[in-house]
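Open the model in your viewer and keep the selection panel handy. We will go stop by stop.

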Amino acid sequence: MDAKTIIAKRVAKEIKDGDFINLGIGIPTMVVNYIPSDMKVVLHSENGFIGLGPTPEPDKADKDISNAGGQPASIVSGGMFFDSAFSFGLVRGGHLDATVLGALQVDSEGNLANWNIPGKMVPGMGGAMDLVVGAKKVILAMEHTAKGNPKILPKCTLPLTASECVDMIVTEMAVFKIENKKMMLIEHAENVTLEDIKAVTTAEYSVSPDLKVMEL
């Protein structure tokens, strides 16, 4: 199983019946494919609809339906489309139970950098700044390193999206919770040791006394 699939499957475990959830660009868009079909969940896509459904097969994709990353998407029965003003009214109004986003960097205080790398052209800051402030819970779905370099740091060095906003980090190696600017390791992936995690995580963190193996 590849890293992105591991992450998406584990994040799906955090979603509960009745939740109203935003799925961001990248790995978060995969989460929809691992939510049990009998679970009643409303998924929000910031580009303007609720009722985000599983990724369609290529021959069944509707060119007029795409997720926030511009990839083919589906909409479930009862879903609806709307403009950006309404979409971000839902976000800013505090209606989301959680948002799932990717990250360039995150640190032990829950600071997030996911929109800009100085010197590189970016299309804009997007909706992440609104999402991490408006949602009740912020979950990062990200690969543990970037080309072998740690992404979970003592302090973010890239421009921040928001400060002290992250509640949970899910990678292919581990799951961390952040509370009161303190990070705790609560799960490790099968066949991944504490030493493996420590070697690629420069942020300070504690290890939960109830540490367990990640379930997918």
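Start with Lys120. This is a predicted model, and here Lys120 sits in the loop that runs between strand 7 (112–113) and helix 3 (128–134). Show the surface. Lys120 counts as exposed, at 56% relative accessibility.

Keep Lys120 selected and add Gly51. The two are 69 residues apart in sequence. Draw a C-alpha to C-alpha distance: Lys120 and Gly51 lie 34 Å apart in space.

Now go inside. The largest nonpolar core has 62 residues. Which of its members touch the most others? Select Leu140, Val166, Ile169 and Phe176. Then colour helix 1, residues 3–12: this helix gives the most to the core, with 5 residues.

Zoom in on Leu140. Leaving out residues up to four places away in sequence, Leu140 touches Leu101, Gly102, Ala103, Val106 and Leu112. On the list too are Val166, Met168, Ile169 and Val170. Two of these partners, Val166 and Ile169, appear with Leu140 among the core residues that touch the most other members.

Last stop: the cysteines. How many disulfides does a search of the whole structure find? The result is 0. Select Cys156 and Cys165. For Cys156, the nearest cysteine sulfur is that of Cys165, 8.9 Å away. A disulfide needs the two sulfur atoms within 2.5 Å, so Cys156 is in no disulfide. Cys165 is in none either, and its nearest cysteine sulfur is that of Cys156.

Check the surface again here. Cys156 is buried, at 14% relative accessibility. Cys165 is buried as well, with a relative accessible area of 10%.

Conventions
Residues are numbered from 1 along each chain as its sequence is written. This is a predicted model: local features need pLDDT of at least 70, side-chain atom pairs count only at pLDDT 80 or more; totals for chains, interfaces and linings use all residues. Side-chain values use heavy atoms; hydrogens and water are left out. Buried means under 20% relative accessible area, exposed over 50%, partly exposed in between (1.4 Å probe, protein chains only). Helices (H or I, at least four residues) and strands (E, at least two) are DSSP runs, numbered from the N terminus. A nonpolar core is a set of buried Ala, Val, Leu, Ile, Met, Phe, Trp, Tyr and Cys residues joined through side-chain atoms within 4.5 Å. Contact means heavy atoms within 4.5 Å.
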